[in-house]
Each structure stands twice: as structure tokens, then as C-alpha cells.
Amino acid sequence: MEEAVDSYTRQALEHIRYLSQVIGGRGSTTPAVREAGDYVIEELHKAGAATVESEPFMGSPSTYRPYALAFFAAAIGSAIAVLVGDRVYLELGALLNLLGAWAMLAETDFRFHWWQLTLKKVPTRNVVGVIPPSGQPVHRAVLFAHLDTHRTPIFYSSTTWQNLFGTILAAAFLSMALGFVLFGVAALVGWDWLRWSGVILLPIQLFTLYLVGSADSTPHNPGANDNASGVGALVSLAQRLHDQPLAHTEVVLLFTDCEETGAYGIRAFLDKHAAEYGPQAVYVTLDEVALGVLKWLTTDGLILRHPTHPRALELAHSVSNALPDIKTIETAGLTYTDALPATMRGRIALTLCTVPDDAAAAASYWHQMGDPIDHIAAVTLENVQRFTWELLQQIDAG
Ligand SMILES: [Zn+2]
């Protein structure tokens, strides 16, 4: 925090402080995330954004409920297959495992699945500020960051847990796929003994159900790095764009809700604007941008990995070449980001984030109560802001 940084970084730090310390945990669709939105609206007005608007949408307060329902269905299916084992129950067991696997896969890939019919959606909003160029608008860049913060379940509480949870999720998905196949074969071919595979599948499904089922009762973290850092960087960018406007690029600054519960905010924004903006618009999300080394993602998604648009990667490389003093890395994403829905629609979309140098610290603040402002590295934040600024210059010159 003491490092000497430029004035825009100092402004960003002040926004991070306000969001993470004064407002604190900003759960998706909660009054706290609305308060964060109000703060951003006020700051965008102060920075002289041409238009600042709230765009309402229906979002989800929980990311875990659809998964809990999927594992619950599979566990019931596996239990009746083992305990009863008659043909019709084996068929039912296979079907429930299939429904569980389908729901999990669809949920991670933002696609429709049967349990969504039972999900409670509540009204919330995105905040959108537009900064026009000084000259004729030719290009458009949409820079976005999520306002909401995640809960703090046990499986994010340490690096070991985080790695383990990845394996548990993969095992749970596999157990449901196997449950469908094995119980299905048992019912069709009459190999009754196959139903005993449920003795292995069921504990995996019950354990995962317990983990995700209890996650929604944990508090929301203050989210200094994830993602007051992205929000703060973009609000201070509004000020810089006001001071030094681009020549031909309209910049849309978007602050989303419900990234943490399934990227509902960005999906609503794309539904409304993607067609109008066209395929040439560049979408860049800043997510966790104040801790360690700058990186961008080459793929995005939890189970199905979607490759980043080649034009987005080309831009990232070109910006990195122009700023040789900033260390960068490119890696595949481990989960999804707000850029994924744009990538899935074939848009030029990039995720800029950071990863701590120290592997042990790498996961230590993610989705934990220990993501307060003390861990924020001002120099990292400044690097991300310089990178973003250069990116805008290159889009503007393109
Ligand atoms: Zn985030």
C-alpha cells in the first residue's frame, strides 16, 4: 500500500477501500451490492461520464442451489438403485443420475436445465457508464467488472481444499455419468449386481451435496481483490478517459451483479446490447487485478473449456510487447469469468486478472474472509491500469 503509484491508481485504491471496508461483503442481489452500485453511479457522475444508467435484470442470489439439487437427485437415484434394485428402480436411478449430470454440466456452461424452473430469480441491476470519444466514434470497447462478492465455504478455505474441491467436483460429475450408465445397463441387460456400484457413487454424491448444500449459509467476503480491485480500476479509468479522451473509441464501463452466481449480469447485458455492438466490439473484464502478476486467460469455463477469441489474444500479446517492463503470463482459466458468456457468443473477449507470485499465497485470499484491503498490491494494480490504458490506445489506433 505504501508504494509510490500514479494518481489514478491512488483513486482506484480509494474505491477499493470504500467498497471492501465501508460497504464490505456484497452478496449477489443483496442491498450491499445495490449500495456498491450507488457508489459507482455517483463516482462515474463525478468523473464526468456522458451517461450513467442502471439496467435491471433478474439474477440469482445463490450459485450453489442448482448444484445441490443436481447432487440431491443423483443421490436419491443411487440410493434407490442400491437399496431396492428392481428393474424399474434401476431405471429411475439411471434417470435421476442423468438429470443430475445434465443439470451440473448445463449450469457450468450457462445453458438451460430442468432445475432452473425451480430457481428463485430476484430483481437486481447492472450499472453502465458511457464515455464517448473526442472525435467520430469508430470503435467500441466494453470494460467490465463485477460488483458482487462470493460466499466463504470451507472448500475455499485453503489451497489444499481448493485443489481438493476441484477433484471432488470432477468426481461428483463422473459419479452421476457413471450412475446413469451402470444403472441403465443393469436395468436393460439384467445384470443386477451392477447396482452395487452405487455403494461407491453414493458417498461421493452425498459428500458433495453436503459441501455445496452448506455453502449458502456462509458469509460473503469483503472482496478487496475479488473484485473491488476491478471495479476501482474501471472507476478511476473513467476519470482518466475524461482527462485524456480517446479519439475514435466509445468506452462502455459496465459494473455487473451476479457474476459469482452464474454471470447473470453480463448475460443480461449481452442480451440487450451484443447485437447492436456487433462482432468488432472488444470486451475486457477486470477480475482480481491487485495481487501479484498480470495474466490473461486462454480458455474460460469450469467443465467445458471455451477458447478465448484469437483477436483478443492477439491484442493482449501486442499490448504486452508494448509494455516490456510489465511481467505477464497467459494460462487456461480454472473456473468461469464474466468474459465467458461473451466468448461463447463469438465476441472478442478477454479476462485480465492477476495471480500471486508466491504459489502458497496463490489461493489464500480467494473467496475467504481474508480478502481485505491489506493484501492489495498497489504496483500490481498500477500495472493492470497501464495495461488496460495501452489496450484502449491500440483499439483506438486500430
Ligand atoms: Zn471475481
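This passage looks at the overall fold of the chain and then at its zinc site. The model is a predicted one.

Starting with the fold, the protein chain packs 12 helices and 9 strands into 398 residues. Its radius of gyration is 22 Å, and a compact globule with that number of residues would come out near 21 Å, so the two agree. Along the principal axes, the C-alpha atoms take up a box of roughly 75 × 40 × 40 Å. Some 60% of the residues count as buried. Contacts reach far along the sequence too: among those with a separation of 6 or more, 86% link residues 24 or more positions apart. As for the outside, the accessible surface adds up to about 15900 Å², and carbon and sulfur atoms hold 61% of that.

Now for the metal. The zinc ion gets its protein donors from His146 (NE2), Asp226 (OD) and Asp287, the last of which is listed with OD twice, and the distances run from 2.0 to 2.8 Å. The angles subtended by the 4 donor atoms range from 50 to 148°, which makes the arrangement irregular. A tetrahedral call would need all angles to lie between 85 and 135 degrees.

In sequence, the donor residues follow the pattern H-x79-D-x60-D. His146 belongs to strand 3 (residues 139–146), while Asp287 sits in the loop between strand 5 (282–286) and strand 6 (293–300), so this pair ties together parts 141 residues apart in sequence. His146 is buried, at a relative accessible area of 1%, and Asp287 is buried as well, at 6%.

Key. Residues numbered from 1 in each chain as written. Predicted model: local features only at pLDDT ≥ 70, side-chain atom pairs only at ≥ 80, totals over all residues. Heavy atoms only, no water. Donors = N, O, S within 2.8 Å, 3.2 Å for Na, K, Ca; no water. Tetrahedral: all angles 85-135°; square planar, octahedral: opposite > 155°, others 65-115°. Helix = DSSP H or I, 4+ residues; strand = E, 2+ residues; numbered from the N terminus. Buried < 20%, exposed > 50% of the residue type's maximum accessible area, 1.4 Å probe, protein only. Rg over C-alpha atoms; globule rule 2.2 N^0.38 Å. Contact = heavy atoms within 4.5 Å. Areas by Shrake-Rupley, 256 points an atom, 1.4 Å probe, with all protein chains shown as cover.
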